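Work through these exercises with the structure open beside you. Try each task before you read its solution.

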Amino acid sequence: MKITLLAVGTKMPRWVDDAYADYAKRLPREVTLELREIKPEKRGSGVTAEKGITAEHARIVAALPPRAKLVLLDERGKAWTTMQLADGLKGWLGDGQDIAIVVGGADGTSDELKARADLLLQLSAMTLPHGMVRVLLAEQIYRAVSILNGHPYHRE
């Protein structure tokens, strides 16, 4: 299974890149996690939030892997536990389906992308910095895969 994380934003602090890479490399061979950074639209100078979302939408869609299940992070999405994420990954692994997880820009994502998503997922009820979201997602994916493999990383 290949999981592609499409994240709007570039030039993250080094600690973000290091932490993300650490969790991504811990994954077993059967699960790979690839980061694709999407250039954010510059705001100001007549670029409204709506125009920015539209421009970022086009970049996200162009970067989506073909036939991947689309999971979109959204504040109104389902609030899964780690165990629910593990169950979701188990089903997707069983189907042999790749996954694309999208982290939108500062103003969110388009309604069109939300409608297209197979799953709207809420990472937290709190607002988080984009770099932290990358790290949290990578850790939770690693934790969920560890659960599926019976590894003692996760304790209940």
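**Exercise 1. Two helices in contact**

Find the angle at which helix α3 and helix α5 pack, and say how they are oriented.

Solution. The model is predicted.
- Step 1: Locate α3 at residues 82-95 and α5 at residues 130-148.
- Step 2: Read the geometry. The angle is about 70°, and the axes lie 8 Å apart.
- Step 3: Classify it. Angles of 65 to 115 degrees count as roughly perpendicular, so α3 is roughly perpendicular to α5.
- Step 4: List the contacts. On the α3 side they are Thr82, Met83, Leu85, Ala86, Leu89, Lys90 and Leu93. On the α5 side they are Gln140, Ile141, Arg143, Ala144, Val145, Ile147 and Leu148.
- Step 5: Sort them by class. The contact of α3 with α5 has ten nonpolar, two polar and two charged residues.

**Exercise 2. The sheet**

Work out the strand order of the open sheet, and name its edge strands.

Solution.
- Step 1: Recall how sheets form. Strands of a sheet pair through backbone hydrogen bonds, either parallel or antiparallel.
- Step 2: Trace the order. The five strands run β2-β1-β4-β3-β5, and the pairing is parallel.
- Step 3: Find the edges. β2 (32-38) and β5 (119-121) each pair on one side only.
- Step 4: Check the twist. From one strand to the next, it averages 30°.
- Step 5: Zoom in on one pair. β3 (residues 69-78) joins β4 (residues 99-103) in the parallel sense, over four bridges. One residue to look at is Lys69, whose bridge partner in β4 is Ile99.

**Exercise 3. Two pockets**

Describe the largest pocket and the second largest pocket by volume and by lining.

Solution.
- Step 1: Take the largest pocket. It holds about 550 Å³ of space.
- Step 2: Look at its lining of 22 residues. Leu73, Asp74, Glu75, Thr127 and Leu128 lie nearest the centre.
- Step 3: Assign elements. β3 and α5 are the ones that give two or more residues to this lining. β3 gives the most, with four.
- Step 4: Count the classes in the largest pocket. There are nine nonpolar, eight polar and five charged residues.
- Step 5: Turn to the second largest pocket. Its space is about 260 Å³, and 17 residues line it. Nearest its centre are Leu85, Leu121, Leu123, Leu137 and Gln140.
- Step 6: Assign elements again. Here β3, α3, β5 and α5 give two or more residues.
- Step 7: Count the classes in the second largest pocket. The lining has 13 nonpolar, four polar and no charged residues.

Note on methods:
Residues numbered from 1 in each chain as written. Predicted model: local features only at pLDDT ≥ 70, side-chain atom pairs only at ≥ 80, totals over all residues. Heavy atoms only, no water. Axes fitted to C-alpha atoms, helices over the stretch in contact; angles between N-to-C directions. Parallel < 35°, antiparallel > 145°, perpendicular 65-115°, else oblique. Contact = heavy atoms within 4.5 Å. Nonpolar A, V, L, I, M, F, W, Y, C, P; charged D, E, K, R; others polar. Pairing = 2+ DSSP bridges. 1 Å grid on protein atoms, 1.4 Å probe; cavity = no way out; pocket = protein on both sides within 12 Å on 5 of 7 lines; lining within 4 Å. Points joined across faces, edges and corners; volume = space filled by probe spheres on them.
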